[in-house]
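Biologist: I am new to this structure and should be grateful for a guided discussion of it. May we proceed by question and answer?

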Amino acid sequence: MGFIDMKNVLRKFDLVCLGGGPAGIPCARKAAAYGKKVCIIEQDRLGGTCLNRGCTPKKIFHHAAELISDARNAGDFGIWTKSKDKKHTDITFDWSVLQSKNQQFVQMINQMVGGMCQKMGISVMKGVGKFVNPHTIALNNGKEEIHIQGDEILVATGSKPVMPKISGIEYAVTSDKFFEMMELPKSIAIIGGGYIGVEIANCLNTFNVKTSVCMLEKNILPSFDYELAKIEMEYMKKKGILFYPETEISGIEKISSSMYKVITKDGKATDIEAEMVMMAVGRKPNTEGFDFEKAGVTLAENGAVKVDEYDQTTADHIFCVGDATGKIMLTTVARTASKLLADRLFGPGKIAKDKYLMDYTHVPSAVFSEPPLARIGLTESEAILKFSQEKTRVYKHEGFQLCHALTQHKDPFNIKIVCEVVGDTERVVGMHCLGRNADEIISGFSVAMRHGSLTKRDLEKSIAIHPSGAEEIFNLFQCCLLYTSP
């Protein structure tokens, strides 16, 4: 839906977006709103990885896992589906139903995005695009090749999973498989302890799949606060997830028609055997095969498109935002950078372009584990490295939320506030939360953190909603010594 017959489309545009995901569509829409002729070239489905094989369907799976956990705890609230004698509610889970409905929902959003583009007059062309010269992209749709010219061109090709060069890699799947398979394996070995591996491990474990995680690091989620990530990892262990930390993988061995064994770097077989091996060791810029050299666009050693602070590549009319730049690989970052670029390129003539630059500091992020872990700003170790131990103060809360007040099994709930001591003021430079709705809690502080002037005293004087998880951020300082602050 949204793709139109290319024979009826103009071949010359004010803006051509190579990629129809969160890095391309916002810029295209805003440019169209400014009255420009816009074309999106997309070889897959509109919406990019996030909509089709990432954030959106993943969050639905996460919610399903939470519902299962709540159902198992329902007996502690006096709620049973069968007999009162059972301590926990009996439930039946059908993965195929969840997957089918999830895919239907994603397809509906695809159609909405396509319809929205069509309504705004944006031409969406399906096929593989490659540069012919600095202003022209050759589009191959499998039947014919059409040349698309753009006064301005946005590279928004996103990222793709990293597949390491190890023996037996052909037996491994990527996270894409999670959003396509209609049957769950009985067991899985996930290679990688980053956010993708952790999120999928939590879901599959809740869905009764025997789950193992192999990782190079000692702890999961190296980009998050070490202490909170460790608490998350210990809780995952209690739920039955098996971890193999500081383990480097050299290969995958097929030991039967449906079973695989993971081999460590020294060549010795581990005791990890599973029906499925999933690579989740990160993502890399999707920049191969576009013939960027013909457009004068330079790539970095890691394959990322080189850009300046204005998102301009080494070709003055070609720009790049999102994962393809190798910067912070988050949908919201790509979306914001995309909209700001459209304002700079096509906004009112007297627009203060320097005020419409993308700010990559204080970007909130979350891991939709069970429970979620969210952050904004610096971790404790990052703050100490930047300001010194003496100028870093940390405040912590540990407990549980009311949703687990009556349950035998309680999810952890932890908050950590990191402050920089500036004279007699403590400036908040980092906020971290592990617990249900942590993503919503931290996201609410994004504006205040971005201004850079939020202080401990501001939090002490603020009033929260009670009872709520977020209020613990404000209550954190009740027993702290009072420091003179403005």
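Biologist: In which loop does H362 lie, and what is its phi?

Modeller: In this predicted model, H362 belongs to the loop between α7 (331–346) and β17. H362 is a residue other than glycine, yet its phi is positive. The value is near 55°.

Biologist: Is N208, which also has a positive phi, buried or exposed?

Modeller: N208 is found in the loop between α5 (195–206) and β9 (210–214). Its phi is near 70°, again in a residue other than glycine. The relative accessible area of N208 is 63%, and the cut-off for this class is over 50%. N208 is therefore exposed.

Biologist: Which residue precedes P371 at a cis peptide bond, and where is P371 placed?

Modeller: P371 sits in the loop between β17 (365–367) and β18 (373–377). The bond leading into P371 is cis, with omega near 10°. The residue on the other side of that bond is E370.

Biologist: What is omega for the cis peptide bond that joins H466 and P467?

Modeller: P467 is in the loop between α11 (456–461) and α12 (471–475). The bond joining H466 to P467 is cis, and its omega is about -5°.

Biologist: Which strands stand at the edges of the open sheet of 4 strands?

Modeller: The order in this sheet is β10-β9-β8-β14, with parallel pairing. Each edge strand has a single partner, so one side of it is left without a neighbour in the sheet. On average, neighbouring strands are turned by 20° against each other, direction ignored. The edge strands are β10 (242–244) and β14 (276–279).

Biologist: Which residue of β10 stands opposite S212?

Modeller: β9 and β10 pair in the parallel sense, over 3 bridges. Opposite S212 stands a residue of β10, namely L242.

Biologist: Which element gives the most residues to the largest nonpolar core?

Modeller: In soluble globular proteins, nonpolar side chains tend to be buried together. The largest such core here has 37 residues, and F178, F207 and I220 touch the most other members. At least two residues come from each of α3 (55–73), α4 (95–119), β8 (187–191), α5, α6 (226–238) and β14. The element that gives the most, with 6 residues, is α5.

Biologist: How many residues form the other core, which lies apart from this one?

Modeller: Its members include A31, V124, F346 and V363. The count for this separate core is 31 residues.

Biologist: Which residues does I220 touch, not counting those up to four places away in sequence?

Modeller: I220 is one of the residues that touch the most other members of the largest core. Leaving out residues up to four places away in sequence, I220 touches G193, V198, M215, A229, E232, M233, M236 and F243.

Biologist: Why is the protein described as being as compact as a globular protein of its length?

Modeller: The secondary structure comes to 12 helices and 21 strands. For 486 residues the globule rule gives 23 Å, and the radius of gyration is close to this, so the protein is as compact as a globular protein of that length. That radius of gyration is 24 Å.

Biologist: What share of the residues counts as buried?

Modeller: The protein exposes about 23,300 Å², of which carbon and sulfur atoms supply 52%. Of contacts between residues at least 6 apart in sequence, 64% join residues at least 24 apart. Of the 486 residues, the share that counts as buried is 50%.

How values were computed
Residues numbered from 1 in each chain as written. Predicted model: local features only at pLDDT ≥ 70, side-chain atom pairs only at ≥ 80, totals over all residues. Heavy atoms only, no water. Buried < 20%, exposed > 50% of the residue type's maximum accessible area, 1.4 Å probe, protein only. Pairing = 2+ DSSP bridges. Axes fitted to C-alpha atoms, helices over the stretch in contact; angles between N-to-C directions. Core = buried A, V, L, I, M, F, W, Y, C linked by side-chain atoms within 4.5 Å. Contact = heavy atoms within 4.5 Å. Rg over C-alpha atoms; globule rule 2.2 N^0.38 Å. Areas by Shrake-Rupley, 256 points an atom, 1.4 Å probe, with all protein chains shown as cover.
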